[in-house]
Amino acid sequence: MSISETDATWWRQAAVYQIYPRSFADANGDGLGDLPGIRSRIPYLRTLGIDAVWLSPFYPSALADGGYDVDDYRDVDPRLGTLADFDDLVAGLHAAGIRLIVDIVPNHSSNRHEWFVEALASPPGSPARQRYIFRDGLGPNKALPPADWTSAFGGPAWEPVGDGQWYLHYFATEQPDLNWDNREVRDDFLTTLRFWSDRGVDGFRIDVAHGLAKQLDETLPSQADLDATPKSNGGHPLWDRDEVHDIYAEWRTVFDSYSPPRTAVAEAWVESHRIPRYASPESLGQAFNFDLLEANFNADAFRRVVEDNLALAAVSGSSTTWVLSNHDVVRHATRYGLPEPANPKEKHGHAWLLTGGVSPVLDRERGLRRARAATLFELALPGSAYLYQGEELGLHEVADIPAASRQDPAFFRNAGVEIGRDGCRVPLPWTPDRPSFGFGTAPAHLPQPDWFASVSVSVQELDPDSTLALYRRALDLRRRLQTDESLEWIDSPAQVVHFRRPNGWEIVMNFGSEPTDLPAGTLLLSSTRLRHRELPAETTVWLQQGAPSLPLS
Ligand code: GLC
(Lines give C-alpha, C1' and ligand atoms only; values in the text may rest on other atoms or scores of the structure.)
Protein backbone atom coordinates (compact mmCIF):
# COMPACT_ATOMS: atom_id res chain seq x y z
CA MET A 1 0.00 0.00 0.00
CA SER A 2 1.42 3.41 -0.81
CA ILE A 3 -0.03 6.87 -0.62
CA SER A 4 -1.49 8.60 -3.63
CA GLU A 5 0.67 11.45 -4.83
CA THR A 6 -2.29 13.27 -6.30
CA ASP A 7 -5.14 12.91 -3.81
CA ALA A 8 -5.70 16.41 -2.44
CA THR A 9 -8.68 15.40 -0.32
CA TRP A 10 -7.15 12.54 1.67
CA TRP A 11 -7.53 14.44 4.95
CA ARG A 12 -11.29 14.98 4.74
CA GLN A 13 -12.25 11.67 6.31
CA ALA A 14 -8.89 10.43 7.54
CA ALA A 15 -8.34 8.50 10.76
CA VAL A 16 -5.36 10.32 12.26
CA TYR A 17 -3.37 8.78 15.11
CA GLN A 18 -1.57 11.16 17.44
CA ILE A 19 1.88 10.07 18.60
CA TYR A 20 3.39 11.78 21.60
CA PRO A 21 6.92 10.85 20.55
CA ARG A 22 8.65 10.82 23.91
CA SER A 23 6.13 8.24 25.16
CA PHE A 24 5.60 5.91 22.19
CA ALA A 25 8.65 3.66 21.76
CA ASP A 26 12.23 4.01 22.95
CA ALA A 27 14.78 2.49 20.55
CA ASN A 28 18.00 3.70 22.19
CA GLY A 29 17.21 2.68 25.77
CA ASP A 30 17.40 6.10 27.44
CA GLY A 31 13.85 5.99 28.80
CA LEU A 32 12.60 8.57 26.30
CA GLY A 33 10.72 7.60 23.15
CA ASP A 34 12.38 8.51 19.87
CA LEU A 35 11.97 8.58 16.09
CA PRO A 36 13.69 5.23 15.44
CA GLY A 37 11.28 3.80 18.03
CA ILE A 38 8.33 5.06 16.01
CA ARG A 39 9.90 3.74 12.82
CA SER A 40 10.20 0.29 14.37
CA ARG A 41 6.48 0.32 15.15
CA ILE A 42 5.26 1.13 11.65
CA PRO A 43 3.98 -2.45 11.24
CA TYR A 44 1.80 -1.85 14.32
CA LEU A 45 0.46 1.40 12.86
CA ARG A 46 -0.23 -0.30 9.60
CA THR A 47 -2.14 -3.14 11.24
CA LEU A 48 -4.07 -0.64 13.31
CA GLY A 49 -5.41 0.78 10.06
CA ILE A 50 -4.91 4.51 10.43
CA ASP A 51 -4.51 6.89 7.50
CA ALA A 52 -2.11 9.39 9.03
CA VAL A 53 0.08 10.05 12.04
CA TRP A 54 0.11 13.38 13.83
CA LEU A 55 3.44 13.73 15.55
CA SER A 56 3.54 16.00 18.59
CA PRO A 57 6.72 18.12 18.84
CA PHE A 58 10.00 16.24 18.38
CA TYR A 59 12.15 19.37 18.12
CA PRO A 60 15.06 20.24 20.43
CA SER A 61 13.49 21.25 23.74
CA ALA A 62 14.23 21.40 27.46
CA LEU A 63 10.77 19.86 27.96
CA ALA A 64 9.46 22.65 30.13
CA ASP A 65 6.11 21.89 28.48
CA GLY A 66 6.48 18.42 27.00
CA GLY A 67 8.20 19.68 23.84
CA TYR A 68 5.77 22.56 23.20
CA ASP A 69 8.71 24.75 24.20
CA VAL A 70 10.70 24.62 20.97
CA ASP A 71 14.40 25.58 20.85
CA ASP A 72 14.78 25.14 17.10
CA TYR A 73 11.86 24.68 14.72
CA ARG A 74 13.97 23.06 12.01
CA ASP A 75 15.77 20.29 13.82
CA VAL A 76 15.19 17.07 15.79
CA ASP A 77 15.86 16.77 19.52
CA PRO A 78 19.15 14.80 19.64
CA ARG A 79 17.62 12.53 22.29
CA LEU A 80 14.92 11.63 19.74
CA GLY A 81 17.16 11.21 16.72
CA THR A 82 18.46 13.17 13.75
CA LEU A 83 17.05 14.74 10.62
CA ALA A 84 18.16 11.59 8.80
CA ASP A 85 16.00 9.56 11.24
CA PHE A 86 13.14 11.90 10.46
CA ASP A 87 13.56 11.36 6.70
CA ASP A 88 13.67 7.66 7.33
CA LEU A 89 10.45 7.83 9.31
CA VAL A 90 8.67 9.77 6.54
CA ALA A 91 9.83 7.25 3.96
CA GLY A 92 8.76 4.32 6.13
CA LEU A 93 5.33 5.76 6.85
CA HIS A 94 4.71 6.65 3.22
CA ALA A 95 5.75 3.20 2.09
CA ALA A 96 3.19 1.82 4.57
CA GLY A 97 0.49 4.09 3.13
CA ILE A 98 0.45 6.41 6.13
CA ARG A 99 0.73 10.20 5.88
CA LEU A 100 2.45 12.44 8.38
CA ILE A 101 1.25 15.61 10.09
CA VAL A 102 3.70 17.50 12.31
CA ASP A 103 3.01 19.97 15.08
CA ILE A 104 3.90 23.65 14.57
CA VAL A 105 4.08 25.79 17.72
CA PRO A 106 3.93 29.42 16.55
CA ASN A 107 2.50 31.27 19.55
CA HIS A 108 5.72 30.98 21.55
CA SER A 109 9.24 29.65 21.22
CA SER A 110 11.22 28.32 24.14
CA ASN A 111 13.45 30.59 26.19
CA ARG A 112 16.41 28.64 24.77
CA HIS A 113 15.58 29.57 21.17
CA GLU A 114 18.48 31.58 19.71
CA TRP A 115 16.16 34.55 19.20
CA PHE A 116 15.21 34.70 22.84
CA VAL A 117 18.80 34.29 23.99
CA GLU A 118 19.67 37.19 21.68
CA ALA A 119 16.73 39.23 23.00
CA LEU A 120 17.95 38.86 26.58
CA ALA A 121 21.46 39.89 25.57
CA SER A 122 20.13 42.97 23.72
CA PRO A 123 18.93 46.27 25.16
CA PRO A 124 15.29 47.33 25.57
CA GLY A 125 13.85 48.55 22.27
CA SER A 126 16.37 46.60 20.16
CA PRO A 127 15.24 44.64 17.09
CA ALA A 128 16.01 41.39 18.93
CA ARG A 129 13.42 42.28 21.57
CA GLN A 130 10.85 43.18 18.91
CA ARG A 131 10.51 39.52 18.01
CA TYR A 132 8.89 38.90 21.39
CA ILE A 133 6.49 40.89 23.56
CA PHE A 134 8.53 42.98 25.96
CA ARG A 135 7.13 45.84 28.06
CA ASP A 136 8.51 48.10 30.76
CA GLY A 137 7.43 47.18 34.27
CA LEU A 138 5.27 49.52 36.31
CA GLY A 139 6.00 51.42 39.51
CA PRO A 140 9.32 52.43 41.07
CA ASN A 141 12.24 50.65 39.37
CA LYS A 142 9.71 49.09 37.02
CA ALA A 143 9.51 46.33 39.58
CA LEU A 144 5.84 45.54 39.02
CA PRO A 145 4.55 43.53 36.06
CA PRO A 146 3.11 45.52 33.12
CA ALA A 147 -0.23 43.78 33.80
CA ASP A 148 -1.66 41.35 36.33
CA TRP A 149 -2.36 38.61 33.78
CA THR A 150 -2.45 34.96 34.76
CA SER A 151 -0.77 32.31 32.63
CA ALA A 152 -2.76 29.35 31.28
CA PHE A 153 -0.81 27.09 33.62
CA GLY A 154 -1.39 29.33 36.65
CA GLY A 155 0.88 32.00 38.14
CA PRO A 156 1.82 35.30 36.49
CA ALA A 157 2.04 35.67 32.69
CA TRP A 158 4.78 38.33 32.75
CA GLU A 159 8.38 37.65 33.76
CA PRO A 160 11.04 40.29 34.58
CA VAL A 161 14.40 40.13 32.81
CA GLY A 162 16.34 42.33 35.23
CA ASP A 163 16.58 45.63 33.35
CA GLY A 164 13.10 46.99 34.00
CA GLN A 165 11.54 45.04 31.14
CA TRP A 166 9.23 42.07 31.35
CA TYR A 167 8.18 39.56 28.69
CA LEU A 168 4.82 37.92 28.08
CA HIS A 169 4.52 34.15 28.39
CA TYR A 170 0.93 33.12 28.18
CA PHE A 171 2.00 29.55 28.97
CA ALA A 172 5.08 28.51 31.02
CA THR A 173 7.83 30.99 31.90
CA GLU A 174 10.05 29.08 29.46
CA GLN A 175 7.59 29.82 26.60
CA PRO A 176 7.94 33.52 25.63
CA ASP A 177 5.16 34.65 23.26
CA LEU A 178 6.37 35.64 19.81
CA ASN A 179 5.39 38.98 18.29
CA TRP A 180 3.46 38.23 15.13
CA ASP A 181 3.48 41.89 14.08
CA ASN A 182 7.15 41.34 13.34
CA ARG A 183 7.90 40.55 9.69
CA GLU A 184 10.94 38.48 10.56
CA VAL A 185 8.85 36.19 12.76
CA ARG A 186 6.35 35.73 9.95
CA ASP A 187 9.01 34.98 7.36
CA ASP A 188 10.79 32.52 9.60
CA PHE A 189 7.66 30.41 10.05
CA LEU A 190 7.12 30.39 6.28
CA THR A 191 10.64 29.00 6.04
CA THR A 192 9.80 26.36 8.66
CA LEU A 193 6.66 25.29 6.81
CA ARG A 194 8.68 24.92 3.60
CA PHE A 195 11.46 23.09 5.43
CA TRP A 196 9.16 20.29 6.62
CA SER A 197 7.04 20.27 3.47
CA ASP A 198 10.21 19.76 1.42
CA ARG A 199 11.03 16.78 3.64
CA GLY A 200 7.74 15.16 2.66
CA VAL A 201 5.46 16.14 5.52
CA ASP A 202 1.83 15.99 4.40
CA GLY A 203 0.27 18.42 6.85
CA PHE A 204 0.55 20.48 10.00
CA ARG A 205 -1.27 20.70 13.32
CA ILE A 206 -1.17 24.31 14.46
CA ASP A 207 -0.78 24.76 18.20
CA VAL A 208 -2.78 27.56 19.87
CA ALA A 209 -3.83 28.73 16.41
CA HIS A 210 -6.18 31.34 17.86
CA GLY A 211 -3.47 33.13 19.85
CA LEU A 212 -0.96 34.55 17.38
CA ALA A 213 -2.50 37.94 16.59
CA LYS A 214 -2.58 40.24 19.61
CA GLN A 215 -3.63 43.85 20.02
CA LEU A 216 -1.53 45.31 22.81
CA ASP A 217 -1.79 49.07 23.30
CA GLU A 218 0.54 51.20 25.40
CA THR A 219 -1.75 50.76 28.40
CA LEU A 220 -2.52 47.12 28.90
CA PRO A 221 -5.91 45.90 30.11
CA SER A 222 -6.17 44.20 33.49
CA GLN A 223 -6.94 40.50 33.85
CA ALA A 224 -10.44 41.52 34.95
CA ASP A 225 -10.82 43.54 31.72
CA LEU A 226 -9.61 40.58 29.68
CA ASP A 227 -12.05 38.27 31.44
CA ALA A 228 -14.90 40.68 30.81
CA THR A 229 -14.14 41.13 27.09
CA PRO A 230 -16.22 38.86 24.86
CA LYS A 231 -14.26 36.35 22.85
CA SER A 232 -17.05 35.96 20.31
CA ASN A 233 -16.50 38.87 17.91
CA GLY A 234 -12.82 38.99 17.03
CA GLY A 235 -12.23 41.96 19.31
CA HIS A 236 -10.51 40.35 22.30
CA PRO A 237 -6.92 41.66 22.70
CA LEU A 238 -5.36 38.20 22.96
CA TRP A 239 -7.61 35.55 21.47
CA ASP A 240 -9.20 34.76 18.14
CA ARG A 241 -8.59 38.13 16.52
CA ASP A 242 -9.70 38.41 12.92
CA GLU A 243 -6.18 39.41 11.76
CA VAL A 244 -4.86 35.97 12.64
CA HIS A 245 -6.25 34.83 9.30
CA ASP A 246 -3.96 37.26 7.44
CA ILE A 247 -1.11 35.17 8.83
CA TYR A 248 -2.74 31.96 7.67
CA ALA A 249 -3.47 33.41 4.23
CA GLU A 250 0.31 33.66 3.82
CA TRP A 251 0.72 30.11 5.06
CA ARG A 252 -1.89 29.01 2.57
CA THR A 253 0.28 30.17 -0.34
CA VAL A 254 3.03 27.88 0.99
CA PHE A 255 0.66 24.94 1.47
CA ASP A 256 -0.78 25.36 -2.01
CA SER A 257 2.61 25.57 -3.66
CA TYR A 258 2.98 21.81 -3.07
CA SER A 259 1.28 18.98 -4.85
CA PRO A 260 -0.86 17.72 -3.30
CA PRO A 261 -1.29 20.86 -1.18
CA ARG A 262 -0.07 20.50 2.39
CA THR A 263 -2.93 20.43 4.87
CA ALA A 264 -3.34 22.07 8.25
CA VAL A 265 -5.61 21.62 11.24
CA ALA A 266 -6.06 24.39 13.79
CA GLU A 267 -6.03 23.85 17.51
CA ALA A 268 -8.32 26.78 18.20
CA TRP A 269 -10.27 26.83 21.45
CA VAL A 270 -12.79 29.36 20.17
CA GLU A 271 -16.54 29.74 20.16
CA SER A 272 -18.14 27.31 17.75
CA HIS A 273 -19.40 29.91 15.32
CA ARG A 274 -15.82 31.18 14.86
CA ILE A 275 -14.45 27.74 13.89
CA PRO A 276 -15.30 28.01 10.15
CA ARG A 277 -12.86 30.91 9.81
CA TYR A 278 -9.97 28.61 10.70
CA ALA A 279 -11.39 25.74 8.65
CA SER A 280 -11.95 27.79 5.49
CA PRO A 281 -9.86 26.99 2.41
CA GLU A 282 -8.25 30.46 2.55
CA SER A 283 -7.09 29.88 6.11
CA LEU A 284 -5.86 26.61 7.64
CA GLY A 285 -8.43 24.40 5.93
CA GLN A 286 -9.52 22.33 8.94
CA ALA A 287 -9.98 22.93 12.67
CA PHE A 288 -10.40 20.71 15.68
CA ASN A 289 -13.82 20.48 17.18
CA PHE A 290 -13.58 19.50 20.83
CA ASP A 291 -17.33 19.37 21.42
CA LEU A 292 -17.56 15.59 21.52
CA LEU A 293 -14.71 15.47 24.01
CA GLU A 294 -16.51 18.00 26.19
CA ALA A 295 -19.96 16.43 25.95
CA ASN A 296 -21.44 14.33 28.69
CA PHE A 297 -22.24 10.71 27.83
CA ASN A 298 -25.77 11.45 26.80
CA ALA A 299 -27.85 10.84 23.66
CA ASP A 300 -29.12 14.41 23.28
CA ALA A 301 -25.69 15.92 23.88
CA PHE A 302 -23.98 13.68 21.32
CA ARG A 303 -26.70 14.22 18.70
CA ARG A 304 -26.58 17.97 19.14
CA VAL A 305 -22.80 18.06 18.86
CA VAL A 306 -22.95 16.14 15.59
CA GLU A 307 -25.71 18.32 14.13
CA ASP A 308 -23.96 21.55 15.11
CA ASN A 309 -20.60 20.53 13.75
CA LEU A 310 -21.88 19.20 10.47
CA ALA A 311 -23.63 22.54 10.02
CA LEU A 312 -20.41 24.40 10.84
CA ALA A 313 -18.48 22.26 8.37
CA ALA A 314 -21.00 23.22 5.71
CA VAL A 315 -20.23 26.89 6.39
CA SER A 316 -16.48 26.50 5.74
CA GLY A 317 -16.70 23.71 3.17
CA SER A 318 -14.20 21.76 5.24
CA SER A 319 -14.84 18.41 6.85
CA THR A 320 -15.37 18.29 10.56
CA THR A 321 -13.04 16.63 13.06
CA TRP A 322 -13.80 14.38 16.02
CA VAL A 323 -11.68 14.02 19.11
CA LEU A 324 -12.27 12.01 22.28
CA SER A 325 -8.75 12.03 23.72
CA ASN A 326 -5.45 13.82 23.21
CA HIS A 327 -2.28 14.66 25.15
CA ASP A 328 -3.99 17.53 27.01
CA VAL A 329 -7.07 15.88 28.46
CA VAL A 330 -8.04 13.05 30.78
CA ARG A 331 -8.33 9.85 28.74
CA HIS A 332 -11.91 9.16 27.70
CA ALA A 333 -12.07 5.70 29.30
CA THR A 334 -11.48 7.47 32.62
CA ARG A 335 -13.72 10.47 32.01
CA TYR A 336 -16.65 8.20 31.24
CA GLY A 337 -16.10 6.24 34.44
CA LEU A 338 -16.42 9.31 36.66
CA PRO A 339 -19.64 10.94 37.89
CA GLU A 340 -20.87 13.49 35.37
CA PRO A 341 -20.04 17.07 36.27
CA ALA A 342 -22.72 19.74 36.08
CA ASN A 343 -20.52 21.64 33.65
CA PRO A 344 -18.79 19.08 31.45
CA LYS A 345 -16.14 21.59 30.35
CA GLU A 346 -14.81 21.64 33.89
CA LYS A 347 -13.79 18.04 33.62
CA HIS A 348 -13.67 17.22 29.96
CA GLY A 349 -11.70 20.19 28.78
CA HIS A 350 -8.03 20.76 29.35
CA ALA A 351 -6.74 18.62 32.16
CA TRP A 352 -5.03 21.62 33.64
CA LEU A 353 -8.52 22.72 34.66
CA LEU A 354 -8.98 19.50 36.54
CA THR A 355 -8.64 19.75 40.26
CA GLY A 356 -7.96 17.01 42.70
CA GLY A 357 -6.90 14.24 40.32
CA VAL A 358 -8.81 11.12 39.44
CA SER A 359 -11.53 10.56 41.93
CA PRO A 360 -11.75 7.34 43.97
CA VAL A 361 -15.28 6.82 42.65
CA LEU A 362 -13.90 5.93 39.24
CA ASP A 363 -15.76 2.94 37.74
CA ARG A 364 -13.05 1.59 35.42
CA GLU A 365 -15.16 -1.08 33.77
CA ARG A 366 -18.02 1.24 32.99
CA GLY A 367 -15.62 3.90 31.74
CA LEU A 368 -14.08 1.48 29.27
CA ARG A 369 -17.42 0.13 28.14
CA ARG A 370 -18.65 3.64 27.41
CA ALA A 371 -15.36 4.60 25.78
CA ARG A 372 -15.61 1.68 23.36
CA ALA A 373 -19.17 2.70 22.50
CA ALA A 374 -18.20 6.36 22.02
CA THR A 375 -15.28 5.35 19.80
CA LEU A 376 -17.50 3.32 17.47
CA PHE A 377 -19.84 6.30 17.34
CA GLU A 378 -16.96 8.65 16.52
CA LEU A 379 -15.40 6.42 13.88
CA ALA A 380 -18.66 6.19 11.95
CA LEU A 381 -19.26 9.92 11.71
CA PRO A 382 -18.57 11.90 8.54
CA GLY A 383 -15.27 13.79 8.75
CA SER A 384 -11.89 12.95 10.21
CA ALA A 385 -11.25 11.24 13.53
CA TYR A 386 -8.20 12.12 15.61
CA LEU A 387 -7.16 9.26 17.88
CA TYR A 388 -4.61 9.50 20.67
CA GLN A 389 -1.96 6.83 21.26
CA GLY A 390 -3.05 4.30 23.83
CA GLU A 391 -6.78 4.81 23.41
CA GLU A 392 -6.74 1.76 21.13
CA LEU A 393 -5.67 -0.18 24.24
CA GLY A 394 -8.56 1.29 26.23
CA LEU A 395 -5.98 2.86 28.53
CA HIS A 396 -7.15 4.68 31.61
CA GLU A 397 -5.49 7.79 32.92
CA VAL A 398 -2.54 6.92 35.16
CA ALA A 399 -3.55 8.59 38.41
CA ASP A 400 -0.87 7.59 40.89
CA ILE A 401 2.20 9.42 39.60
CA PRO A 402 4.25 10.70 42.54
CA ALA A 403 4.79 14.46 42.63
CA ALA A 404 8.55 13.97 42.24
CA SER A 405 8.03 12.18 38.93
CA ARG A 406 5.52 14.61 37.44
CA GLN A 407 6.59 16.80 34.52
CA ASP A 408 3.65 19.00 33.53
CA PRO A 409 4.11 22.71 34.33
CA ALA A 410 0.37 22.88 34.99
CA PHE A 411 1.00 20.70 38.05
CA PHE A 412 3.94 22.73 39.36
CA ARG A 413 2.60 26.19 38.63
CA ASN A 414 -0.50 25.42 40.67
CA ALA A 415 1.30 24.17 43.74
CA GLY A 416 0.07 20.66 43.03
CA VAL A 417 -3.61 21.65 43.16
CA GLU A 418 -4.13 20.82 39.50
CA ILE A 419 -3.13 17.32 38.64
CA GLY A 420 -1.83 18.19 35.17
CA ARG A 421 -1.56 16.12 32.03
CA ASP A 422 1.10 13.54 32.83
CA GLY A 423 -1.51 10.83 33.44
CA CYS A 424 -2.31 10.54 29.72
CA ARG A 425 1.33 10.81 28.65
CA VAL A 426 2.76 7.73 30.35
CA PRO A 427 4.75 5.60 27.85
CA LEU A 428 2.75 2.86 26.14
CA PRO A 429 2.81 -0.77 27.30
CA TRP A 430 3.81 -3.07 24.43
CA THR A 431 4.42 -6.25 26.43
CA PRO A 432 3.67 -7.38 30.03
CA ASP A 433 7.34 -7.19 31.03
CA ARG A 434 9.27 -4.80 33.20
CA PRO A 435 11.31 -2.62 33.22
CA SER A 436 9.11 -0.64 30.82
CA PHE A 437 6.52 -3.01 29.34
CA GLY A 438 8.36 -3.22 26.03
CA PHE A 439 8.59 0.56 25.64
CA GLY A 440 12.39 0.24 25.74
CA THR A 441 15.13 -1.42 27.70
CA ALA A 442 15.29 1.16 30.51
CA PRO A 443 12.63 2.40 32.94
CA ALA A 444 10.37 4.89 31.16
CA HIS A 445 10.63 8.64 31.79
CA LEU A 446 7.21 8.63 33.52
CA PRO A 447 6.46 5.73 35.89
CA GLN A 448 4.20 3.03 34.45
CA PRO A 449 1.73 1.27 36.76
CA ASP A 450 1.60 -2.52 37.27
CA TRP A 451 -1.80 -2.77 35.61
CA PHE A 452 -0.17 -1.85 32.29
CA ALA A 453 0.87 -5.52 31.97
CA SER A 454 -2.68 -6.75 31.42
CA VAL A 455 -3.52 -4.07 28.83
CA SER A 456 -0.27 -4.28 26.86
CA VAL A 457 -0.33 -4.73 23.09
CA SER A 458 0.98 -8.30 23.07
CA VAL A 459 -1.61 -9.41 25.64
CA GLN A 460 -4.48 -7.74 23.78
CA GLU A 461 -3.37 -9.24 20.50
CA LEU A 462 -4.28 -12.67 21.90
CA ASP A 463 -7.81 -11.60 22.84
CA PRO A 464 -10.43 -11.22 20.07
CA ASP A 465 -12.60 -9.13 22.42
CA SER A 466 -9.83 -6.72 23.37
CA THR A 467 -10.11 -3.01 22.77
CA LEU A 468 -7.17 -3.25 20.37
CA ALA A 469 -9.01 -5.87 18.33
CA LEU A 470 -12.10 -3.63 18.30
CA TYR A 471 -10.12 -0.63 17.01
CA ARG A 472 -8.46 -2.74 14.31
CA ARG A 473 -11.77 -4.09 13.08
CA ALA A 474 -13.44 -0.69 13.27
CA LEU A 475 -10.67 1.09 11.38
CA ASP A 476 -10.58 -1.59 8.72
CA LEU A 477 -14.36 -1.47 8.25
CA ARG A 478 -14.38 2.32 8.34
CA ARG A 479 -11.89 2.45 5.50
CA ARG A 480 -13.97 0.09 3.39
CA LEU A 481 -17.33 1.64 4.28
CA GLN A 482 -16.29 5.27 3.97
CA THR A 483 -18.81 7.23 1.93
CA ASP A 484 -20.16 10.74 1.34
CA GLU A 485 -19.82 13.20 4.21
CA SER A 486 -23.42 13.10 5.27
CA LEU A 487 -25.78 11.22 7.51
CA GLU A 488 -29.49 10.81 8.06
CA TRP A 489 -31.01 10.57 11.54
CA ILE A 490 -33.37 7.71 12.22
CA ASP A 491 -36.07 7.88 14.88
CA SER A 492 -35.08 6.07 18.04
CA PRO A 493 -35.98 5.78 21.73
CA ALA A 494 -34.84 8.64 24.00
CA GLN A 495 -31.61 6.99 25.18
CA VAL A 496 -30.61 5.88 21.70
CA VAL A 497 -28.98 7.69 18.79
CA HIS A 498 -29.40 6.08 15.37
CA PHE A 499 -28.08 7.33 12.05
CA ARG A 500 -27.45 6.05 8.56
CA ARG A 501 -24.69 6.94 6.14
CA PRO A 502 -25.61 7.15 2.41
CA ASN A 503 -24.42 3.59 1.64
CA GLY A 504 -26.68 1.91 4.19
CA TRP A 505 -24.06 1.84 6.97
CA GLU A 506 -26.10 2.27 10.15
CA ILE A 507 -24.92 3.21 13.60
CA VAL A 508 -26.98 2.67 16.71
CA MET A 509 -25.73 3.76 20.12
CA ASN A 510 -27.53 2.99 23.34
CA PHE A 511 -26.50 5.48 26.03
CA GLY A 512 -28.88 4.01 28.60
CA SER A 513 -28.13 1.58 31.40
CA GLU A 514 -30.77 -0.91 30.18
CA PRO A 515 -30.76 -3.01 26.99
CA THR A 516 -33.03 -1.91 24.17
CA ASP A 517 -34.25 -3.29 20.84
CA LEU A 518 -31.67 -4.03 18.23
CA PRO A 519 -32.83 -2.62 14.87
CA ALA A 520 -32.88 -4.89 11.83
CA GLY A 521 -29.82 -5.16 9.59
CA THR A 522 -26.67 -7.21 9.19
CA LEU A 523 -24.45 -6.82 12.23
CA LEU A 524 -20.97 -5.59 11.28
CA LEU A 525 -19.50 -4.67 14.65
CA SER A 526 -20.46 -4.16 18.26
CA SER A 527 -18.62 -2.43 21.11
CA THR A 528 -19.72 -5.13 23.58
CA ARG A 529 -20.44 -8.77 22.92
CA LEU A 530 -24.10 -9.32 21.99
CA ARG A 531 -25.68 -12.26 23.79
CA HIS A 532 -29.28 -11.94 22.68
CA ARG A 533 -31.02 -10.17 19.85
CA GLU A 534 -30.93 -6.89 21.78
CA LEU A 535 -28.73 -3.83 22.03
CA PRO A 536 -27.00 -3.94 25.43
CA ALA A 537 -26.59 -0.94 27.73
CA GLU A 538 -23.90 1.60 26.80
CA THR A 539 -23.15 -0.08 23.51
CA THR A 540 -22.76 0.94 19.87
CA VAL A 541 -23.38 -1.36 16.92
CA TRP A 542 -22.67 -0.94 13.23
CA LEU A 543 -25.23 -2.47 10.91
CA GLN A 544 -25.43 -2.82 7.18
CA GLN A 545 -28.75 -2.33 5.45
CA GLY A 546 -29.36 -3.90 2.07
CA ALA A 547 -27.16 -6.59 0.60
CA PRO A 548 -24.22 -7.23 2.91
CA SER A 549 -21.12 -6.19 0.99
CA LEU A 550 -18.69 -6.96 3.76
CA PRO A 551 -17.80 -10.06 5.76
CA LEU A 552 -19.27 -10.23 9.24
CA SER A 553 -17.08 -9.70 12.28
C1 GLC B 1 -1.48 23.43 23.21
C2 GLC B 1 -0.87 22.06 23.40
C3 GLC B 1 -0.47 21.90 24.82
C4 GLC B 1 0.55 22.96 25.17
C5 GLC B 1 0.01 24.36 24.85
C6 GLC B 1 1.12 25.36 24.84
O7 GLC B 1 -2.67 23.57 23.87
O8 GLC B 1 -1.76 21.08 22.95
O9 GLC B 1 0.05 20.63 25.09
O10 GLC B 1 0.86 22.90 26.53
O11 GLC B 1 -0.55 24.41 23.57
O12 GLC B 1 1.98 25.14 23.75
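In strand β8, Ala-266 is the bridge partner of Ile-206. That pair is a handy way into this predicted model, and it belongs to a parallel pairing in which strand β7 (residues 203-206) and β8 are joined over four bridges. Strand β8 itself (residues 263-266) is covered on both faces. Thr-263 and Val-265 are buried on one side, and Ala-264 and Ala-266 are buried on the other.

Just past these strands in sequence come some of the ligand's neighbours. The ligand is surrounded by 14 residues, and the closest are Asp-65, His-108, Asp-207, Glu-267 and Asp-328. Three of these put polar side-chain atoms within reach of ligand oxygens. For Asp-65, an N or O atom of the side chain sits 2.6 Å from an oxygen atom of the ligand. Glu-267 has a polar side-chain atom 2.7 Å from a ligand oxygen, and for Asp-207 the corresponding distance is 2.8 Å. Taken alone, the ligand has 310 Å² of accessible area, and the protein covers 99% of that. Sorted by class, the shell holds seven charged residues, four nonpolar and three polar.

Elsewhere, three strands make up an open sheet with antiparallel pairing, in the order β4-β6-β5. The edge positions go to β4 (134-136) and β5 (158-160); each has a single partner strand, so one side of each is left without a neighbour in the sheet. From one strand to the next, the twist averages 35°. Within this sheet, β5 pairs with strand β6 (residues 165-168) in the antiparallel sense, over three bridges. Here Trp-158 stands opposite Leu-168 of β6.

A second open sheet, with five strands, follows the order β11-β12-β13-β17-β15 and also pairs antiparallel. Its edge strands, β11 (488-489) and β15 (522-526), each pair on one side only. Strands β12 (residues 496-500) and β13 (residues 505-510) run antiparallel and are joined by five bridges. One residue pair to look for is Phe-499 with its bridge partner in β13, Ile-507. A further strand, β14 (residues 516-517), contains Asp-517. With 66% relative accessibility, Asp-517 counts as exposed because the cut-off is over 50%. Measuring aside, the model also puts Asp-517 and Gly-31 50 Å apart in space, C-alpha to C-alpha, with their positions 486 residues apart in sequence.

The backbone has a few oddities too. Most residues other than glycine have a negative phi, and most peptide bonds are trans. The bond from Ser-259 to Pro-260 is cis, with omega near -5°, and Pro-260 falls in the loop between α8 (244-255) and β8. A cis peptide bond also links Arg-434 to Pro-435, with omega near 15°. Pro-435 is in the loop between α15 (409-412) and α16 (457-460).

That loop between α15 and α16 also holds Phe-437, which has a positive phi of about 55° although it is not a glycine. At 2% relative accessibility, Phe-437 is buried, because buried means under 20%. Asp-240, likewise not a glycine, has a positive phi of about 55°. Asp-240 lies in the loop between α7 (223-228) and α8, and its relative accessible area of 2% makes it buried as well.

Methods
Residues are numbered from 1 along each chain as its sequence is written. This is a predicted model: local features need pLDDT of at least 70, side-chain atom pairs count only at pLDDT 80 or more; totals for chains, interfaces and linings use all residues. Side-chain values use heavy atoms; hydrogens and water are left out. A residue is near a molecule or strand if one of its heavy atoms lies within 4 Å of it. A polar contact is a pair of N or O atoms within 3.5 Å; within protein, one must be able to donate a hydrogen and the other to accept it, and residues adjacent in sequence count only if both atoms are side-chain atoms. Accessible areas come from the Shrake-Rupley method with a 1.4 Å probe; for residues, only the protein chains shown count as cover. Ala, Val, Leu, Ile, Met, Phe, Trp, Tyr, Cys and Pro count as nonpolar, Asp, Glu, Lys and Arg as charged, and the others, Gly among them, as polar. Two strands pair if DSSP finds at least two bridges between them. Helices (H or I, at least four residues) and strands (E, at least two) are DSSP runs, numbered from the N terminus. Axes are lines fitted to C-alpha atoms, for helices over the stretch in contact, and angles run from 0 to 180 degrees between N-to-C directions. Buried means under 20% relative accessible area, exposed over 50%, partly exposed in between (1.4 Å probe, protein chains only).
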